[in-house]
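This report describes one protein chain for a reader who is new to protein structure. Please look at the sequence and the model before reading on.

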Amino acid sequence: MTDTVLCKDQTVAYVGNIVTSAKYDPPESIRMTTGIKDFPHRVIMRKNIVTVNGKSINYVAPKEMIQKVAGSNGAVYTVKTIGGTVTCDCPGFNFRKTCKHIAMVK
Ligand SMILES: [Zn+2]
């Protein structure tokens, strides 16, 4: 079955198949096939979608929580929780995708 996705500010909908998102896709996005050999998939943020297969999508933004955490070196880091995804702006998280600051806010 072919899926049709219309996004905000677009007059022509994307046509393809909605497929499983890749691990590295941003949260709150969908992935769909394009039928183009050199650009086989496109990733669309849910907040930009107006309709899927003609049905209106009522996008509800995920709950967002921002917390400040003191690092051991005197720096203050920002831990963000958005729709179940937790990120930190410390160098350790940037490198390892996890850090002790995340454990401190749970
Ligand atoms: Zn951190």
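## Two exposed loop residues

Asn 53 counts as exposed because 12 C-beta neighbours lie inside 10 Å. The model is a predicted one. Asn 53 sits in the loop between S6 and S7. Its phi is near 50°, a positive value in a residue other than glycine.

Lys 97 is also described by a positive phi, here near 65°, and is likewise a residue other than glycine. Lys 97 lies in the loop between helix H1 (91–96) and helix H2 (100–105). With 10 C-beta neighbours inside 10 Å, Lys 97 is therefore counted as exposed.

## The chain as a whole

The protein chain has 2 helices and 10 strands. Along the sequence the pattern is β-β-β-β-β-β-β-β-β-β-α-α, so the strands come before the helices in the pattern as defined by runs along the chain.

How large is the radius of gyration of the protein chain? The value is 18 Å, whereas a compact globule of 106 residues would have one near 13 Å. Along the principal axes, the C-alpha atoms fill a box of roughly 55 × 30 × 20 Å. Buried residues account for 8% of the 106 residues.

The domain assignment gives domain 1 (3–56) and domain 2 (64–105). Taken over C-alpha atoms, the centres of domain 1 and domain 2 are separated by 30 Å. Among contacts between residues at least 6 apart in sequence, 25% join residues at least 24 apart.

## Strands and their pairing

An open sheet is formed by 4 strands in the order S2-S1-S6-S7, with antiparallel pairing. Its edge strands are strand S2 (14–16) and strand S7 (55–56), each of which pairs on one side only. In general, strands of a sheet pair through backbone hydrogen bonds, either parallel or antiparallel.

The table lists three antiparallel pairs, each with one pair of facing residues.

| Strands | Bridges | Facing residues |
|---|---|---|
| S6 (residues 49–52) and S7 | 2 bridges | Val 52 and Lys 55 |
| S3 (residues 18–19) and S4 (residues 29–36) | 2 bridges | Ile 18 and Met 32 |
| S4 and S5 (residues 39–45) | 6 bridges | Ile 36 and Phe 39 |

S4 and S5 are also joined by a hairpin, which runs through 2 residues.

## A buried residue in S1

Val 5 belongs to strand S1 (residues 3–7). Is Val 5 buried or exposed? Val 5 counts as buried because 21 C-beta neighbours lie inside 10 Å; the cut-off for a buried residue is 20 or more.

Not counting residues up to four places away in sequence, Val 5 touches Ala 13, Tyr 14, Met 32, Ile 44, Ile 49 and Val 52. Met 32 and Val 52 appear in the table as well, where Met 32 is opposite Ile 18 and Val 52 is the bridge partner of Lys 55. The C-alpha atoms of Val 5 and Val 43 are 11 Å apart, and these two residues are 38 residues apart along the chain.

## The largest nonpolar core

Which residues make up the largest nonpolar core? The core has 6 residues in all: Tyr 77, Val 79, Cys 88, Cys 90, Cys 99 and Ile 102. Leaving aside neighbours within four places in sequence, Tyr 77 is in contact with Val 69, Gly 71, Cys 88, Asp 89, Cys 90 and His 101. Of these contacts, Cys 88 and Cys 90 are among the core residues.

Notes
Residues numbered from 1 in each chain as written. Predicted model: local features only at pLDDT ≥ 70, side-chain atom pairs only at ≥ 80, totals over all residues. Pairing = 2+ DSSP bridges. Rg over C-alpha atoms; globule rule 2.2 N^0.38 Å. Contact = placed C-beta atoms within 7 Å. Domains from an automatic or database assignment. Core = buried A, V, L, I, M, F, W, Y, C linked by C-beta atoms within 7 Å.
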